[in-house]
Each structure stands twice: as structure tokens, then as C-alpha cells.
Amino acid sequence: TPTVAGQHVLDADYFRRIDALNFTMRHDDGHLPQDLNEADIVVLGISRTSKTPTSIYLAQRGYKTANVPIVPSVAIPPSLSEEHSAFVVCLVAQADRIAEVRRNRAMVLGDRNLDVYVDRDAILAEIANSRRICSKHGWPVIDVTRRSVEETAATIIKLYHDRRAAHAATAEQATDV
């Protein structure tokens, strides 16, 4: 039967999603890196790989998500290199696509040096650096060039649950021994 405001039920799931969204907003763009162990998911990537919109979408689904930019000549937060429970994933895109998005952003906001920010070779170096970091840590990389935020988030959620299932199976085998 129809219920007035029934789509806004204030149950535990609703409050879990609100908590996740608040966490995600506080941990946008590398803020509060010391708290990354509290995240369910950490999204890495260079500028303009849709880290923030993907993180917000994941938060709306109830996942505490932090996003951390990979910036040339800036080390990733030490908390990511230490033992942590967060699922880490990196977003990349084709260099031409990133250059196009960066050019459009810079023209609208006028806040970047276009020569450096949209240089294809510099972008290729940023992508290669991202892939090296992820390879070193065993973190998956998702190419978002032709993916919507929803498709990217669905892939991340699947990888996240696959990882949790693998960890649970490993823990169960350890207790059987």
C-alpha cells in the first residue's frame, strides 16, 4: 500500500548511508589521510579521473569511501603503505580524454597552467606512475575512459565483495588447520 514519504524510511540502512556520505565528504581529495583505515574503499587516481563523483556514488550505496589524488612528485599517504583494512582501487583513463577534461576545466575555472596540466606526455607519465604504485601494492586499476560513474562504481563494488569473500575463505582455511 502507498505510504506518504515511504521512500524516506529512517531505518538503520538510511543512517548507514548518511554516515558513509558524511565520511566521504570529509575524506574527499586526500583530506584526513590518517583516517583511511576507517574507509571501506579508497579510490586513487590522477586529476580528472572521476574520483569524487565515483566516491559520492559509492557513499550513497553505503560504502565509506575516501579518494586520494596521485600527484607527480608527491608520495601517497603513509597510511596506505601501512597495514590497513580498506579496499584500494585506482582509476585511470586514456591520456587524450584526461587532457580534454582538464582543458575544459582549466578554461572554465582558469586555475591551472594549461601547458603543464594538459600536456599529453606529462599525463602519460602520471598514468604510468599510477600503474607502478598500484602494481607495487597489488591494487586493481580500472580504466574509466568509456565508463559512467555508475559502471565504475559497480565494478568497484564487485571487486570489493570479491576481495572480502577471498579474505573470508582464507580465514576459514586458516582456522581449519
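This is a short dialogue on reading strands, a core and two cysteines in a predicted model.

Colleague: Let us begin with strand 1. How many of its residues are buried?

Modeller: In strand 1, 5 of 5 residues are buried, so the strand counts as mostly covered, with buried meaning under 20% relative accessible area.

Colleague: Which residues of strand 1 lie on one side and which on the other?

Modeller: In a regular strand the side chains alternate between the two faces of the sheet. Here Ile41, Val43 and Gly45 are on one side, while Val42 and Leu44 are on the other. Both faces of strand 1 are covered.

Colleague: Which strand pairs with strand 1 in the parallel sense over 5 bridges?

Modeller: Strand 2 does, in the parallel sense and over 5 bridges. Within that pairing, Val43 is opposite Asn67 of strand 2. To get from strand 1 to strand 2, the chain passes through helix 2, residues 51-60. This β-α-β crossover is right-handed. Strand 3 also runs parallel to strand 1, joined to it by 5 bridges. There, Val43 stands opposite Val89.

Colleague: Now the nonpolar core. Which residues of the largest one touch the most other members?

Modeller: The largest nonpolar core has 37 residues, and those touching the most other members are Ile41, Val42, Leu44, Leu58, Leu80, Trp139 and Ile156. Elements that give two or more residues to this core include strand 1 (41-45), strand 3 (87-92) and helix 7 (149-176). Strand 3 gives the most, with 6 residues.

Colleague: Take Ile156 as a case. What does Ile156 touch, not counting residues up to four places away in sequence?

Modeller: On that count, Ile156 touches Ile41, Val43, Thr54, Leu58, Phe87, Val89, Leu91 and Ile142.

Colleague: Next, cysteines. How many disulfides does the count come to?

Modeller: A disulfide is a covalent bond between the sulfur atoms of two cysteines. In this model the count comes to 0 disulfides.

Colleague: Why is Cys90 in no disulfide?

Modeller: The rule asks for two cysteine sulfur atoms within 2.5 Å. For Cys90, the nearest cysteine sulfur is that of Cys134, 3.7 Å away, so the pair is not counted. Likewise, Cys134 is in no disulfide, and its nearest cysteine sulfur is that of Cys90.

Colleague: Are these two cysteines buried or exposed?

Modeller: Cys90 is buried, with a relative accessible area of 0%. Cys134 also counts as buried, at 1% relative accessibility.

Notes:
Residues are numbered from 1 along each chain as its sequence is written. This is a predicted model: local features need pLDDT of at least 70, side-chain atom pairs count only at pLDDT 80 or more; totals for chains, interfaces and linings use all residues. Side-chain values use heavy atoms; hydrogens and water are left out. A nonpolar core is a set of buried Ala, Val, Leu, Ile, Met, Phe, Trp, Tyr and Cys residues joined through side-chain atoms within 4.5 Å. Buried means under 20% relative accessible area, exposed over 50%, partly exposed in between (1.4 Å probe, protein chains only). Helices (H or I, at least four residues) and strands (E, at least two) are DSSP runs, numbered from the N terminus. Contact means heavy atoms within 4.5 Å. Two strands pair if DSSP finds at least two bridges between them. A crossover is right-handed if, with the strands pointing away from the viewer, the path from the first strand over the helix to the second runs clockwise.
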